[in-house]
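Visitor: I would like a close look at one part of this model, with the cut-offs stated as they come up.

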Amino acid sequence: MDLSTLSVPQLRELQQQIPAELKRREVQDKANILNEVRAFAKARGYAIEDLLGKEVKVKTVSSSGNKVKVKYRHPENPELEWTGRGRKPKWVEAWLATGASIDNLLV
């Protein structure tokens, strides 16, 4: 690719796309290497976890967009849910403002 033929806006667009593409390729490369290592160990009669030991966990590649389990739910309106991550929803703040404990909302 000849960068000298690209305009400044095209170069800026390319510059923004590069980090995401690098991340995507690194994730894919790691997954491929992990599969190769698993196959190598399996061919010799071992699981990779056996070789690494119990205290070492092998992180598996997960797809993006995995949902986090709900941690809090309104007792009177089960549609109001919160994972406990991020900013507290207004219904949780209203619940706490009444003097009630957040522990009462645990699922």
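Visitor: Among contacts in the protein between residues at least 6 apart in sequence, what percentage join residues at least 24 apart? After that, please take me through the surroundings of Trp-82 in strand 2.

Guide: The share is 24%, taken among contacts between residues at least 6 apart in sequence; contact means heavy atoms within 4.5 Å. This is a predicted model, in which local features need pLDDT of at least 70 and side-chain atom pairs count only at pLDDT 80 or more, while totals for chains, interfaces and linings use all residues. Residues are numbered from 1 along each chain as its sequence is written, and side-chain values use heavy atoms, with hydrogens and water left out.

First, the setting. The protein has three helices and two strands (DSSP runs, H or I of at least four residues for helices and E of at least two for strands, numbered from the N terminus). Read from the N terminus, their order is α-α-β-β-α. Of the 107 residues, 12% are buried (under 20% relative accessible area; exposed is over 50%, partly exposed in between, with a 1.4 Å probe and protein chains only). The protein exposes about 9,400 Å², and 53% of this comes from carbon and sulfur atoms (Shrake-Rupley method, 1.4 Å probe; for residues, only the protein chains shown count as cover).

Now to Trp-82. This residue is buried, with 10% relative accessible area. Beyond its neighbours within four places in sequence, Trp-82 is in contact with Val-70, Lys-71, Tyr-72, Arg-87, Lys-88, Pro-89, Trp-91, Val-92 and Ile-102. Tyr-72 is ten residues away along the chain, yet its C-alpha atom is 5.1 Å from that of Trp-82. Tyr-72 is also buried, at 11%.

The ring geometry comes next. The structure has one aromatic pair (Phe, Tyr or Trp rings, the six-membered one for Trp, with centres within 6.5 Å; planes under 30 degrees apart are stacked, over 60 edge-to-face, the rest tilted). The ring centres of Tyr-72 and Trp-82 are 5.2 Å apart and the planes meet at 25°, so the pair is stacked. Because Tyr-72 lies in strand 1 (residues 72-73) and Trp-82 in strand 2 (residues 81-82), the pair ties together parts ten residues apart in sequence.

Beside the rings there is a charged pair. Arg-73 and Glu-81 form a salt bridge between their side chains, at 2.7 Å from N to O (side-chain nitrogen of Lys or Arg within 4 Å of a carboxyl oxygen of Asp or Glu). Arg-73 is partly exposed at 28%, and Glu-81 is partly exposed at 38%.

For comparison, the whole structure holds four salt bridges. Glu-21 pairs with Arg-24 at 2.5 Å, N to O, and with Arg-25 at 2.7 Å between the closest N and O atoms. Shared partners join Glu-21, Arg-24 and Arg-25 into one network. In helix 1, Arg-24 and Glu-21 are three residues apart, about one helical turn, and Glu-21 and Arg-25 are four apart, also about one turn. Arg-24 is partly exposed at 49%, as is Glu-21 at 28%.

A ring also features elsewhere: Arg-44 lies over the face of Phe-40, 3.7 Å from the ring centre (CZ of Arg or NZ of Lys within 6 Å of the centre and within 35 degrees of the ring normal).
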